[in-house]
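Thanks for coming. I have one structure to go through today, and I will keep it short.

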Amino acid sequence: MAQDDLPESWRAALEPALATPEARKLGGWLRAQEDAGKTVYPPRGERLAALSLTPLENVRAVILGQDPYHGPGQAHGLAFSVRDGVKPPPSLANIFKELESDLGIPRPQSGDLSPWARQGVLLLNNTLTVEQAQAGSHAGRGWDAITDAAVAAVAERGDPCAFILWGSHAAKKADRIAALGRGDHHLVIKSPHPSPLSAHRGFFGTRPFSRVNAFLEARGRGAIDWRLE
């Protein structure tokens, strides 16, 4: 995408997907939306931030969501994350509740999840852009093939990885992970989305953070430090 350079570590895995007619059509469509005066989040230059902060060879866990936050100043290219100083949206607040329940970590004041990304947690949405105030507005426009390729690149690596799939859109990638993995080579955790609309239908109590750490430690990949402050 314009002004969103593909990080070198992901280039070989994603260039074929980005070279497809669907991806080129997506790029043109996004430019047309912005030229028409529509506000798209996150802004150009931040849409591949998850890939920039977490090189492919460093990925130990993947947290997969649906699409970016659609309010002003929220989305910055990492799934579920907001910049320091921005109030955590309800979905992120529920993630922090589960983090506290699971590991006893006090709920952070900052919603910036960059420290997770730098430890090898790929914070990826299924769709990487959204129109302001229009949740799901860019679904089905071509991002799926690109994020499918990113998930496949992780799943095909020899290193065991934990995948946390939150919501029905993310869960659709589970079969792809299973097909590319080998038996229990990867850990896949599926649950409802942490949004207030669905969190009480099975998100709370899943203990994803401790389960990921137990899996990674058992395979010699080291635990994630989930603390943010």
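I will go from the backbone, through some of the helices and strands, to the empty spaces.

First, a caution: this is a predicted model. Please keep that in mind for everything I say.

Let me start with the backbone. Most residues other than glycine have a negative phi, and most peptide bonds are trans. There are exceptions here that you may want to look at. One is the peptide bond that joins Tyr41 and Pro42, which is cis, with omega about -15°. Pro42 belongs to the loop that runs between strand 1 (40-41) and helix 3 (49-53).

Next is Phe80, a residue other than glycine with a positive phi, near 70°. You will find Phe80 in the loop between strand 2 (61-65) and helix 4 (90-103). Is Phe80 buried or exposed? Its relative accessibility is 7%, and the cut-off for buried is under 20%, so Phe80 counts as buried.

Ala133 is also not a glycine and also has a positive phi, about 65°. Ala133 sits in the loop between strand 4 (130-131) and helix 6 (143-155). There is a glycine to mention as well: Gly104, which follows helix 4, has a positive phi near 75°.

That brings me to helix 4 itself. How does its span compare with what 1.5 Å a residue would give? Helix 4 has 14 residues, so the span should be 20 Å, and the end C-alpha atoms are indeed 20 Å apart. Several of its residues are buried: Ser91, Leu92, Asn94, Ile95, Phe96, Glu98, Leu99 and Asp102. Note that Asn94, Glu98 and Asp102 are in that list. What covers these buried residues? The cover includes helix 5 (114-118), strand 5 (162-166) and helix 9 (208-218).

Stay with Ser91 for a moment, which lies in helix 4. Its relative accessibility is 10%, so Ser91 counts as buried. Setting aside neighbours within four places in sequence, Ser91 contacts Phe80, the positive-phi residue from earlier, along with His193, Pro194, Ser195 and Pro196.

Now take Ser195 from the other side. Ser195 is in the loop between strand 6 (187-191) and helix 9. At 15% relative accessibility, Ser195 is counted as buried too. Leaving out residues up to four places away in sequence, Ser195 touches Ser91 and Asn94, and both of those are among the buried residues of helix 4.

On to helix 6. Helix 6 has 13 residues and reaches 18 Å from the first C-alpha to the last, close to the 18 Å expected at 1.5 Å a residue. Of those 13 residues, 10 are buried, so helix 6 is largely enclosed by the rest of the structure. The buried residues are Trp143, Ile146, Thr147, Ala149, Ala150, Val151, Ala152, Ala153, Val154 and Ala155.

Now the strands. Strand 2 and strand 3 (121-125) run parallel, and five bridges join them. One pairing to look at is Leu64, whose bridge partner in strand 3 is Leu124.

In a regular strand the side chains alternate between the two faces of the sheet. For strand 3, which residues cover which side? Val121, Leu123 and Asn125 are on one side, Leu122 and Leu124 are on the other, and all are buried. With five of five residues buried, strand 3 is largely enclosed by the rest of the structure.

Last, the empty spaces. How many cavities of 30 Å³ or more are there? The count is two. The largest cavity holds about 120 Å³ of space. It is lined by 19 residues, and the closest to its centre are Pro68, Gly77, Leu78, Ala79 and Asn125. Helix 3 and strand 3 are the elements that give two or more residues to this lining. By class, the lining has 14 nonpolar, four polar and one charged residues.

The largest pocket holds about 340 Å³. Of the 16 residues that line the pocket, Asp67, Pro68, Tyr69, Ser91 and His193 lie nearest its centre. By class, the pocket lining has seven nonpolar, eight polar and one charged residues. Ser91 and His193 came up before as a contact pair, and Pro68 was also among the residues closest to the centre of the largest cavity.

That is what I have.

Definitions and conventions
Residues numbered from 1 in each chain as written. Predicted model: local features only at pLDDT ≥ 70, side-chain atom pairs only at ≥ 80, totals over all residues. Heavy atoms only, no water. Helix = DSSP H or I, 4+ residues; strand = E, 2+ residues; numbered from the N terminus. Buried < 20%, exposed > 50% of the residue type's maximum accessible area, 1.4 Å probe, protein only. Contact = heavy atoms within 4.5 Å. Expected span 1.5 Å × (residues − 1). 1 Å grid on protein atoms, 1.4 Å probe; cavity = no way out; pocket = protein on both sides within 12 Å on 5 of 7 lines; lining within 4 Å. Points joined across faces, edges and corners; volume = space filled by probe spheres on them. Nonpolar A, V, L, I, M, F, W, Y, C, P; charged D, E, K, R; others polar. Pairing = 2+ DSSP bridges.
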